[in-house]
Each structure stands twice: as structure tokens, then as C-alpha cells.
Amino acid sequence: MSRPAPAPPHVSAAALVCLALTALALGPARAAADVTGVVITSCVEVLGGRSFGEVGAYEKCVGKIHFALDPAAARNRVIVDLDKAPVNADGLVEFSSDIWVLRPKDPSRGNGVLFFDVINRGNKLLLGRFNFAAGAVDPTTEAEFGDGFLMREGYTLVAVGWEPTPNTRALSLYPPVATDGGRPITGEVTNWFIPLEPSRSFDLTSSYWTGFEEYPPLRLDDPSYRLTERLGYHGEERVIPRESWEFGRMMNGSMVQDPSQLYLWTGFRPGYTYQLTYESSNPQVIGVGFAAIRDAAAYFKFDPNAEVRGEYAYAYGVSQTGRYLRQLIHEGFTVDETGERRALDGVFVHAGGSSLGPFNTRFGHPNDGGFHSQTKFPIRYTETEDPATGRMEGLGSRIPEGLEPKVVLYETSSEYWDRGRVAALNHTTIDGREDVDLAENVRFYVMASIPHSNGSLPPVAVWDQQERRNPIDVRPSMRALLVGLDRWVREDLPPPPSRHPTFAAGTLIERSELRFPEIPGVQWPYHVPGGYRSDLPGELTDNPLPFLVSDVDTDGNEVDGVVLPEVRVPLGTYTGWAFRSEKAGAPGEIIMMVGSYVPFARTEAERSAWGDPRATVEDRYDGRGDFLVQYESAARELVADGYLLAEDLPQLLDNAGMHWDWLMVQPVDALWP
């Protein structure tokens, strides 16, 4: 084959570049698993050759991976518009992706597992989530590699571009463009945004407005284009007159047309949801991103000449990419193109809720902030009947028997409260009336009272929400459950049992039955709307879903799921939701993906002055030492059950002590309303 062979550790980065360019010049040869070539353009030692335990040194490699798909193959036909993509002389659809690899310099000392980092809006995830590392597009420093947990365990980390990311440094997918027999395809594009502050202009390329750079409007002054406004996600929609807005910006007192800017003469209101619909052209075949991960995993596992090798392959994604992995399972891409071999052995889905997404649609924009990713059937892995349509289907319907991946569904309280995630339906009937058993290859864990986004100490007050941010760091539990998944796959040892609220235990209840402590000045989510199905005809509000959440104790903390030590031995009330502040606008609306923290009064005098019904810190603990003893006892119980690792106990205790010390020195007026 015309690919460069894997280089020994002593080969320089410059030599690797030379090898790669030579391979590219010769042209890629047909390889297994629809990978036609891998071009590694550079490899560098990590942290100057630092050794990670018994695994030794690591190297970081970057390059491109090339693919060719048969549009007629049964397991490829699910890719939308693949049949409309251009083909080469062999009738195959070609595309490529950027690739990033972090691997042991001596592969024989690794654990044989390829861990696919399904990047989220250009952000690599694995090092930050499992190594406690600082985020980085190109990790280079010690802080950006964290404490080395994944490296000490011997994983090979692989990131393959699965989505187009124009004009960024992120790994990208380079998909083909669909045409109608060579003629351009046009169609409707819809997206949404929520301004954070009053303004007449909005940058359509800013965060969570995505897909715009790929799909600009065909005509800037088309009168048929539509802009609407509503309070919250499901408030009554108002059409904004076309003459009130335009694509453009003010320059020197004059309006200049600009397809990247939306200008509203009456001004955008913070906290309101705006939805823009317009016409664009040249849809990218973004569903090939599923094949990129499938075929890279299969190639690296099964081709003995592959540039990267592994015996097993896992994938991790969170939020956007958690939904993506749910859909990857549903579309059947954990199995190779032949349908006879397992491409992915394990899938760690973090905060995917009950959602799928716009990852395989015409004019889809996979970076969408969640509006297009609401609950759709099917929800559970096992086949069930859709009561609305009578259809029988499950997430695993396209996975042949005996090739099922091991699946960890790791959720937070936010996924029960967010209108588009409705996580409880993963373990109940779709009508929300009964508990159901999970598939044998699935485990479901919900982190009680934890928000979608990871917390950190100290608990900060932020301008856009009413209470302080929930400070709980869930990453130690993720490390433990990864160890459980790994043993499940490689040693066939059962992972920790699923933990989530249930009807049988009396801990899963209708939102309307929930009762929080009456704390003066604290708003509780008694009125927020629940989730809706987005895959049925009509408005979303025509298709409501059960609103099921965990019950709470007298402090307002959730009582079931994986109850971490911070919640079992609390210094306040922790939630998986938060209300917008007055400054951010729409203070009756919940902010997506964040949580709240309401600290306890420290003394009886503070409690009485505030009117707080919750017990005080001094009533609960006989000082700092007693608090830490109780905290450690709760943590050790979770270690024994497999939900935390013993090696993380010292850091957990340090954080608990830091939280106590912070709380004890805060001025009263800085803590409570």
C-alpha cells in the first residue's frame, strides 16, 4: 500500500512529514473498511518524553484520513443524500477528515483500546473530562494534558473530524456536496438564537448560531424569509415584519448588507428566542461523519497495516456529541460496513438525554445548540412500540444480534429538566407510567442534583443567573464508570449497576408533585414547561411528554441516582437547573445546561434572619473535621460500589475542605438574597 508505515519512536517529525507527503503524492491505495489512506503530517513527543506510569512516553500525531463509500451498500444507504454525491471512477463517494492521535510511543505497553474523542463544536473532550485537564484545541502544556489518567491506563486517543468546522483550528470533516444530477439543490434552512443583552444587531456566526457559514442566504433582501420571536422555547410565536429586519450592519450611520449579521430596527430582547428561516443551496452530505468514525475504528482494529492499531474501540461524547452517539447507534454505525464485525465495542454517552439531532439531514447543521435535537422516537435501545405511530423500533434495531456495543448512558439532573432531553424516558414507558428494564448491554446512571455542565470551586455568582453556579465536579465519577465500561468490554465483568430514580422506589415523580423548601428569595421551577416530541406533525406543544424528575429531600436535593458525597453530605442545595437573572432578561425562564447552588445558613442567627427552613451548617456538623469525616464515609461507600475511584479520594477531600473554608469566610450579604 502507498501509506507510510508506522514510524519507530526515534523517527523525527520532519521525517514523518516527508513520508506523509510522499504517500500523498503517490496517491492512496484501496484499504480495508473503506479507508483509502492515512496521511500523518507530524508526530511530536508529549511533554518532552515524560513517562506515564508503566505505559511510558506518549506522542501526538496529526494528519488526514481519506474514505471512499459505496452508496449502494446496505449499511450506507441510511446516509441522507449519499446517492446524490459525486462519485469517482469506481462509483464510490470520496471524502476526508482531519485526524488527531495521542498514543503510547511503544504500543505494546498500551491497553489495546482506541478511545474515540467525538469532538464537541471543535473541542476535544477526553483529556478535560477524564484527565482533569484544561481545554485546548492543540494540547501542549502539562495543564492541557492534566493528571495523565488516560495515559497511565494505556489508552490511544483518536479524534476524527465528523462535522464541518470552517474557519477554525478544530478538526474538520470535508464532506461531499449533494446535487440534483449536477444541478445545485436549494432548500430551507432554519436556526435559532437567544440574545444575552439588548442590541439591534446579532452576529449569525456567533456561539450556538451554527451552520450559517456553510449555508448563507441566497438573496439578502428576499421578502419571503421569516424571523419570529417568542418568550422561552415554547412561548407564543410572533412573526416580526420583514421590513423591520435585514441582513446587514450599520457603518457610519448607513446600513451595509452583510450576510453574517442580522439587524433588527426595534432591537433584540435578551432571553427571547428568535428563529430565522431562509433559503440556501448546496447541502453537504454531513451523514458521512458517522461513516468516518465507523470506518476509522474498523480500519484501525482490523487492518494489520494500519497506521494506528488497537484491539478494541470506545467512543465518548457529551451533550451535542452525546446526542450524536445515540444517533450513531440508531443508524447502525457501531458495526462495520459488512455488518459482520463490531467497529465500536463501547459507547460512553454523556448528557444525551432522549434526543437525536440534525446529524444526518439535508441542510443539517450539527452544531445547533439543541433546538433541533429534541426528543424523537426511538428512545430506548430495545425495540418498543411508538404509541403515536404504531412503529416498532429501538436505538439498537440496526445492530445485528451478537454485535451489540456496551453502552453507558451517563446523565445529569439537567437532562430531566431540559425541555429537549426528557431523560426519564430512557427507563420508563413512553407514556411515563411504568418503570422498564434496560437492555442487557446498557447501563444508565444519573448524577443526582448535578447540572449538564461541570462545576468548579468556589461556587461563583454569575451575572446571567439568579443563584450561584452549582460547583460539583462530576469527573471523578466519570473516571470510575469508564473503568467499569473497560472491564465490561475487555474482561466481561459487570459494571456498577444502573442508578436512577424509579416509580418502584417512589423516587421518580411527576414534576407537579415536587415540593422544595420555602426559602425566601429563591425561585423554584414549579411552572417551567416539560418536553415535547419534535418528530410528530403540528406544533411542539401539540405533542407533550411526561415531565418526570427525581424527588427531593427537605433541603431540595435529589434523593436517587448516583448521589455524590457533595449531595449526601451537603453544604447547600444543589440543582440541575437555574433561572435567568433580571439582567439577562426573561427571569421566569430556565437557562439551558447550568445548575444552581443555594448555601445553607451557617448559624441559627443567620437562619432566623433569612427565614430559611433548612437546617444550619452548625446543626449538621460538629465543625470542619466532622464534616470531612462524614464526607469521606459517603465517598468510600461509592468507591466500594464502583462509582468513584480510591485514587481520587485525596483530591475529593481537598475540594470538600476548600468548599467548607470558602463558605465559612463569606460575608452574609454575599451569600443570600
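# Reading the model: what the labels rest on

Mentor: Let's start with β25 and strand β26 (residues 596–599), which pair in the antiparallel sense over three bridges. Keep in mind that this is a predicted model.

Trainee: How do you know that β25 and β26 count as paired?

Mentor: The cut-off is at least two bridges between the strands. β25 and β26 have three, so they meet that cut-off. As an example, threonine 573 has valine 598 in β26 as its bridge partner.

Trainee: What makes β22 and β25 the edges of their sheet?

Mentor: Look at the strand order: this open sheet has three strands, β22-β26-β25, with antiparallel pairing. β22 (468–469) and β25 (572–574) each have a single partner strand, so one side of each has no neighbour in the sheet. There's also a helix packed on this sheet: α13 (residues 649–665) touches β22, β25 and β26, and its direction makes about 60 degrees with that of β26.

Trainee: Which strands are at the edges of the β10-β14-β13 sheet, and why?

Mentor: That one is an open sheet of three strands too, with antiparallel pairing. β10 (199–203) and β13 (245–251) are the edge strands, because each has a single partner. Ignoring direction, neighbouring strands here are turned by 60 degrees against each other on average. β13 and strand β14 (residues 254–268) run antiparallel and are joined by seven bridges; phenylalanine 247 stands opposite leucine 262 in β14.

Trainee: Over to β20. What makes you say strand β20 is mostly covered?

Mentor: Count its residues: six of the seven in β20 (residues 406–412) are buried, and buried means under 20% relative accessible area.

Trainee: How many bridges join β20 to β17, and how many join β20 to β21?

Mentor: Strand β17 (residues 346–350) runs parallel to β20 with five bridges. Strand β21 (residues 442–447) also runs parallel to β20, with six. Two partner pairs to find on screen: histidine 350 with tyrosine 410 in β20, and threonine 412 with methionine 447 in β21.

Trainee: Now the inside. Which residues have the most contacts within the largest nonpolar core?

Mentor: Phe116, Phe130, Phe300 and Phe348, in a core of 155 residues. Helix α5 (residues 288–302) gives the largest share, 10 residues. Phenylalanine 300 shows what such contacts look like: beyond its sequence neighbours within four places, it touches residues including Val38, Ile65, Leu114, Phe116 and Val308. There's a second, separate core of 19 residues, among them Phe193, Leu227, Trp245 and Phe363.

Trainee: Why is α5 described as perpendicular or parallel to α6, and which of the two is it?

Mentor: The axes of α5 and helix α6 (residues 320–330) come within 11 Å and cross at roughly 80 degrees. Angles of 65 to 115 degrees count as roughly perpendicular, so that is the label for α5 against α6. At the contact, Gly289, Phe290 and Ile293 in α5 meet Tyr324, Gln327 and Leu328 in α6. By class, that's four nonpolar, two polar and no charged residues.

Trainee: What about the backbone oddities? Which phi does aspartate 81 have, positive or negative?

Mentor: Positive, about 70 degrees, although aspartate 81 is not a glycine. Most residues other than glycine have a negative phi, so this sign stands out. Aspartate 81 is in the loop between β2 (58–69) and β3 (93–104).

Trainee: Is aspartate 81 buried or exposed, and how do you know?

Mentor: Buried: the cut-off is under 20%, and aspartate 81 comes in at 8% relative accessibility. Valine 422 goes the same route: its relative accessible area is 5%, so it is buried. Valine 422 is in the loop between α7 (414–417) and β21, and has a positive phi of about 45 degrees.

Trainee: What is the peptide bond from phenylalanine 377 to proline 378, cis or trans?

Mentor: Cis, with omega near 0 degrees; proline 378 lies in the loop between β17 and β18 (384–385). The bond from leucine 457 to proline 458 is cis too, with omega near -5 degrees, and proline 458 is in the loop between β21 and β22.

Conventions. Residues are numbered from 1 along each chain as its sequence is written. This is a predicted model: local features need pLDDT of at least 70, side-chain atom pairs count only at pLDDT 80 or more; totals for chains, interfaces and linings use all residues. Side-chain values use heavy atoms; hydrogens and water are left out. Helices (H or I, at least four residues) and strands (E, at least two) are DSSP runs, numbered from the N terminus. Contact means heavy atoms within 4.5 Å. Axes are lines fitted to C-alpha atoms, for helices over the stretch in contact, and angles run from 0 to 180 degrees between N-to-C directions. A nonpolar core is a set of buried Ala, Val, Leu, Ile, Met, Phe, Trp, Tyr and Cys residues joined through side-chain atoms within 4.5 Å. Buried means under 20% relative accessible area, exposed over 50%, partly exposed in between (1.4 Å probe, protein chains only). Angles under 35 degrees count as roughly parallel, over 145 as roughly antiparallel, 65 to 115 as roughly perpendicular and the rest as oblique. Ala, Val, Leu, Ile, Met, Phe, Trp, Tyr, Cys and Pro count as nonpolar, Asp, Glu, Lys and Arg as charged, and the others, Gly among them, as polar.
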